[in-house]
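Me: I'd like to go through this fold with you, starting from the inside and then looking at helix packing and a few odd backbone spots. Can you put it up?

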Amino acid sequence: MLRVCVCVSGGGTNLQALMDAIDAGQVTNTQIVRVISNNKGAYALERARKKGIDAVAVSPKDYGDRETFNEAFLECVDAAEPDLVVLAGFLVVLPPEMIRKYEGRIINIHPALIPSFCGKGFYGLKVHEAALARGVKITGATVHFVDEGTDTGPIILQKAVEVLSGDTPEALQRRVMEQAEWVILPQAVNMIANGLL
């Protein structure tokens, strides 16, 4: 059984997609053992609690400096004893010691087709604003392993989504979530859980 710790900052729609896929039997051999958010008000924590999953907030605001927060965050992850850490809309730069400790066991979902619209400053709506400003006809999402760079780790899965004329960043964001993120994140977790990677 793959023990998964999911890290989120906001609403937790990717977390919900993963929980739903586990419930539906599309993701097997997998248990979400803890959800961690850097945001005490994140709706993702409520989603986890409703499913009886341990949900913990570790906010940088509660610590005097980044180093102390990083230590507390890593302790919170370690306590869950995860086999896999899933970053599902987690807007915190992971401490290098965590990336080293969990090398090859952290994955991230990014709302673009890496190497496009990724790296420092590209997160949330900013990704979709940039895609529309560039005039691309195809965008999508990527699940990749996390390394010490920003969105630079090995790619696991990608799924393309068409950009429609008249798209707003919000409309495009929603379509990328529904057609790509919520599909490939559970797929990637299932592949890892069942040795298909």
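Reply: What follows is a walk through the core, the helix contacts and some single residues of this model, which is a predicted one.

Me: Good. Which residues of the largest nonpolar core touch the most other members?

Reply: That core has 41 residues, and the ones touching the most other members are Val6, Val35, Val86, Ile107 and Val189. Helix α6, residues 169-193, supplies the largest share of this core, with 9 residues. There is also a second, separate core of 20 residues, which includes Cys7, Val58, Ala72 and Val85.

Me: Let's stay with α6, then. At what angle does α1 cross it?

Reply: The axes of α1, which covers residues 13-23, and of α6 cross at roughly 55° and come within 9 Å. The two helices are therefore oblique to each other, and the crossing of α1 past α6 is right-handed.

Me: Which residues make that contact?

Reply: From α1 they are Thr13, Asn14, Ala17, Leu18 and Ala21, and from α6 they are Met177, Glu181, Trp182, Leu185, Pro186 and Val189. By character, the residues of this contact divide into 8 nonpolar, 2 polar and 1 charged. Val189, on the α6 side here, is also one of the residues that touch the most other members of the largest core.

Me: Which residues of α1 are buried, and what covers them?

Reply: In α1 the buried residues are Asn14, Leu15, Ala17, Leu18, Met19 and Ala21. Their cover includes strands β1 (2-8) and β2 (30-37), helix α2 (43-50), strand β5 and helix α6. After α1 comes Gly25, with a positive phi near 80°.

Me: And on the other side of α1, where does Gly10 lie?

Reply: Gly10 is in the loop between β1 and α1, and its relative accessibility of 28% makes it partly exposed. Apart from its neighbours within four places in sequence, Gly10 is in contact with Ala42, Tyr43, Ala44 and Gly89. The C-alpha atoms of Gly10 and Leu45 are separated by 8.8 Å, although these residues are 35 apart along the chain.

Me: Back to α6 for a moment. How does α5 pack on it, parallel or perpendicular?

Reply: Helix α5, residues 125-134, packs with α6 at an angle of about 110°, and their axes are 9 Å apart. The pair is therefore roughly perpendicular, and this crossing is right-handed. On the α5 side the residues are Leu125, His128, Glu129, Ala131 and Leu132, and they meet Pro169, Glu170, Leu172, Gln173 and Val176 of α6. The contact of α5 with α6 divides into 6 nonpolar, 2 polar and 2 charged residues.

Me: Now the backbone oddities. Where is there a cis peptide bond?

Reply: The bond from Ile114 to Pro115 is cis, with omega near 15°, and Pro115 lies in the loop between β5 and α5. That loop between β5 and α5 also holds Phe117, a residue other than glycine with a positive phi, near 50°.

Me: Is Phe117 buried or exposed?

Reply: Phe117 is buried, at a relative accessible area of 16%, and among the residues it touches is His110. His110 sits in strand β5 and is buried too, with a relative accessible area of 3%. Leaving out residues up to four places away in sequence, His110 touches Phe117, Cys118, Phe122, Val127, Gly140, Ala141, Thr142 and Asp151.

Me: What about Glu81, what is its phi?

Reply: Glu81 has a phi near 50°, which is positive in a residue other than glycine. Glu81 is in the loop between α3 and β4 (84-87), and at 56% relative accessibility it counts as exposed because the cut-off for that class is over 50%.

Me: Two last ones. Where are Asn70 and Glu103?

Reply: Asn70 is part of helix α3, residues 66-79, and it counts as buried at 13% relative accessibility. Beyond residues up to four places away in sequence, Asn70 touches Pro95 and Glu97. Glu103 is in the loop between α4 (96-101) and β5 (106-110), and Glu103 is exposed, with a relative accessible area of 67%. Between the C-alpha atoms of Glu103 and Glu181 there is a separation of 23 Å, the two residues being 78 apart along the chain.

Conventions:
Residues numbered from 1 in each chain as written. Predicted model: local features only at pLDDT ≥ 70, side-chain atom pairs only at ≥ 80, totals over all residues. Heavy atoms only, no water. Core = buried A, V, L, I, M, F, W, Y, C linked by side-chain atoms within 4.5 Å. Buried < 20%, exposed > 50% of the residue type's maximum accessible area, 1.4 Å probe, protein only. Helix = DSSP H or I, 4+ residues; strand = E, 2+ residues; numbered from the N terminus. Axes fitted to C-alpha atoms, helices over the stretch in contact; angles between N-to-C directions. Parallel < 35°, antiparallel > 145°, perpendicular 65-115°, else oblique. Left-handed = near helix turned anticlockwise from the far one by under 90°. Contact = heavy atoms within 4.5 Å. Nonpolar A, V, L, I, M, F, W, Y, C, P; charged D, E, K, R; others polar.
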